[in-house]
Amino acid sequence: MNTQFKKGVLELCVLVLLDRKDCYGYEMVDEISKNISISEGTIYPLLKRLKKEGFLDSYLKESPGGPPRKYYRLTNQGKVKKEELVKEWRSFSVGVNNLLYSDITNDSGAINDE
């Protein structure tokens, strides 16, 4: 998938995941990778930015098999941001799907067969 497509939707994917449950970085990469191919290195700069902007908080939680993990959770501001992005995504994806899957007509109303 095009890198720019991924970058454009990765913020939305992270916010949606964190709205469902608190996660640590690698867990988010693992979940997102089930649907979109991403590398681990792409998510950490995004998490840092989202935290700096006030959309996320983080906390340490003991791990059963190693050092404590840094978990992320949405703030109230993050929940609002997620809802805004979901609304924008729905509108955007409907528009793109309309273009992709509808017949193109010319000015006279005839269907173009290009």
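## Helix crossings and sheet order

The helices α1 and α2 are roughly perpendicular to each other, where angles under 35 degrees count as roughly parallel, over 145 as roughly antiparallel, 65 to 115 as roughly perpendicular and the rest as oblique. The model is a predicted one, in which local features need pLDDT of at least 70 and side-chain atom pairs count only at pLDDT 80 or more, while totals for chains, interfaces and linings use all residues. Residues are numbered from 1 along each chain as its sequence is written, and side-chain values use heavy atoms, with hydrogens and water left out.

**Exercise 1. Establish how many helices and strands the protein has, and the pattern they follow along the sequence.**

Step 1. The secondary structure amounts to 4 helices and 3 strands, taken as DSSP runs numbered from the N terminus (helices: H or I, at least four residues; strands: E, at least two).

Step 2. Following the sequence, these elements appear in the pattern α-β-α-α-β-β-α.

Step 3. Of the 114 residues, 30% count as buried, buried meaning under 20% relative accessible area, exposed over 50%, and partly exposed in between (1.4 Å probe, protein chains only).

**Exercise 2. Describe the crossing of α1 and α2, and say which residues make the contact.**

Step 1. The axes of α1 (residues 3-20) and α2 (residues 25-33) come within 11 Å and cross at roughly 110 degrees. Such axes are lines fitted to C-alpha atoms, for helices over the stretch in contact, and the angles run from 0 to 180 degrees between N-to-C directions.

Step 2. The handedness of this crossing of α1 and α2 is right-handed; a crossing has that hand if the near helix is turned clockwise from the far one by less than a right angle, and is left-handed if anticlockwise.

Step 3. On the side of α1 the contact involves L10, C13, V14, L17 and L18, and on the side of α2 it involves M28, E31 and I32, contact meaning heavy atoms within 4.5 Å.

Step 4. Sorted by class, the contact of α1 with α2 has 7 nonpolar, no polar and 1 charged residues. Here Ala, Val, Leu, Ile, Met, Phe, Trp, Tyr, Cys and Pro count as nonpolar, Asp, Glu, Lys and Arg as charged, and the others, Gly among them, as polar.

Step 5. Within α2 the residues G25, E27, M28, V29 and I32 are buried, and what covers the buried residues of α2 includes α1, β1, α3 (40-52) and β3.

**Exercise 3. Describe how α1 crosses α4, and place K82 in relation to α1.**

Step 1. The axes of α1 and α4 come within 9 Å and cross at roughly 125 degrees, and that makes α1 oblique to α4.

Step 2. The crossing in which α1 passes α4 is left-handed.

Step 3. From α1 the contact draws on V9, E11, L12, L15, V16 and D19, and from α4 on K79, K81, K82, L85, V86 and W89; by class these residues divide into 7 nonpolar, no polar and 5 charged.

Step 4. K82, which has its place in helix α4, is buried, with a relative accessible area of 11%. Leaving aside residues up to four places away in sequence, K82 touches L12, L15, V16 and D19.

**Exercise 4. Work out the order of the strands in the sheet and which of them are edge strands.**

Step 1. The 3 strands form an open sheet in the order β1-β3-β2, with antiparallel pairing, and the edge strands are β1 (23-24) and β2 (56-63), each pairing on one side only. Two strands count as paired if DSSP finds at least two bridges between them.

Step 2. β2 and β3 (residues 66-74) pair in the antiparallel sense over 7 bridges, and a hairpin joins β2 to β3 through 2 residues.

Step 3. Along this pairing S63 stands opposite G66 in β3, and L56 stands opposite L74 in β3.

Step 4. α1 lies across β1, β2 and β3, running at about 100 degrees to β3.

**Exercise 5. Decide whether T75 and E53 are buried or partly exposed.**

Step 1. T75, in the loop between β3 and α4 (76-101), is buried, with a relative accessible area of 14%. Its contacts, not counting residues up to four places away in sequence, are with G54, F55, L56 and D57.

Step 2. E53, in the loop between α3 and β2, is partly exposed, with a relative accessible area of 35%.
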